[in-house]
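Please examine the structure shown below with regard to its nonpolar cores and its strand pairing. The questions and answers that follow take these topics in turn.

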Amino acid sequence: MNSIKFLKFTIVFCILFSCSHESKVEKEIVKIPVNIKIERFDQSFAELTRENLPDLKENYPFLFSEKYADSVWINKSKDTIQLEINDEIKKIFNDLSEEEEQLKSLFQHVKYYFPKIKEPRVITITSDVDYRNKVVLSKGLLIIALDTYLGTDHHFYEGIQKYLKQNFERNQIVSDAASMYAKNRVGPIRDRTFLGNLVSFGKELYLKDLFLPNSSDARKMGYSEEQYAWVVANEEEIWRYFIDKQLLYSTDGELMPRFLYPAPFSKFYLEEIDNEAPDRVGQFIGWKIVASYMKNNDVSLRQLLLEDAETIFNKSKYKPKRQ
């Protein structure tokens, strides 16, 4: 009986210690000075004239290709489709003060873990619904295409597959920005094995978890709550499939679109599962492996990012939970 009481006390103590540590970290993070101001290029372009075009080109030279004459930009700004996009943006994104605060918090977290990273110049644009480049991070610029966040059911997105447009929501903007920073820190995937890809995506999601501690795990994954509940409930079965099929050290390129890339669903080639499974279940498993590695080893974030996939897996002691 005494041993049971001691075990309960130990569990409670660990939980309280963890919460206390997290609270201390957050108190430090919130003190980090960060200056974020969203520049509304989308609004400026909507008000474009021949008179103000030179100033706009001077302030945003990276958004104007020199191979196009000024008349091209003037005509584009008056195009009926562009005018409709402007109207829809104004309806939904008249005010971005909430996103500004969320981005400030994001960059405070990014700078806490990676102090040398400088906060970017944040610019909103329209992109003719270029959903493959919703957020671009390059050379100190964070460019956000607002016309890719008008809401899943927006008529602009008719004809786009459901699995893609489920994240065309305003509440996904900061999550997508966090993804770009995580990807930059992790770098390109060099290990061609399935395990190498799992762990690389897992590192990204682990960083994203640190950057967005108040965001839901479902949103970090780009899942609905139902999709996330499915992968949690089926974690053991997913892992058993990967092991039974001896996939971990496979270099079969078909595994990536089946289990790691955006798609209508993950392809187990089992009808009863494929009808229910969300896409990218391998990313979820990778996240769990990396989280287990960090929990069971006293290593820094820098060590995590430098470590190879096989070492991380072997030292992770990963074991999926039974539901």
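**Strand pairing and nonpolar cores**

Q: In which sense do β1 and β2 pair, and which residue in β2 stands opposite Ile38?
A: In this predicted model, strand β1 covers residues 38–40 and pairs with β2 in the parallel sense over three bridges. Within β2, the residue opposite Ile38 is Val122.

Q: Which residue in β4 is the bridge partner of Ile125?
A: Strand β4 spans residues 141–145 and pairs with β2 in the parallel sense, over five bridges. The bridge partner of Ile125 in β4 is Ala145.

Q: Which residue in the turn of the β3 and β4 hairpin has a positive phi?
A: β3 and β4 pair in the antiparallel sense over four bridges, with Val136 opposite Ile143 in β4. Two residues lie between the strands of this hairpin. The turn residue with a positive phi, of about 50°, is Lys139.

Q: Which residues form the uncovered face of β3?
A: Strand β3 runs over residues 135–138, and its covered face consists of Val135 and Leu137. The uncovered face is formed by Val136 and Ser138.

Q: Which helix gives the most to the largest nonpolar core?
A: The largest nonpolar core holds 79 residues, of which Leu103, Leu106 and Phe242 touch the most other members. Ten residues of this core come from the helix that gives the most, residues 194–211, namely α9.

Q: Which residue of β2 is in contact with Leu103?
A: Strand β2 comprises residues 121–125, and four of its five residues are buried. Beyond four places in sequence, the contacts of Leu103 include Ile36, Ile38, Leu142 and, from β2, Val122.

Technical notes:
Residues are numbered from 1 along each chain as its sequence is written. This is a predicted model: local features need pLDDT of at least 70, side-chain atom pairs count only at pLDDT 80 or more; totals for chains, interfaces and linings use all residues. Side-chain values use heavy atoms; hydrogens and water are left out. A nonpolar core is a set of buried Ala, Val, Leu, Ile, Met, Phe, Trp, Tyr and Cys residues joined through side-chain atoms within 4.5 Å. Buried means under 20% relative accessible area, exposed over 50%, partly exposed in between (1.4 Å probe, protein chains only). Contact means heavy atoms within 4.5 Å. Two strands pair if DSSP finds at least two bridges between them.
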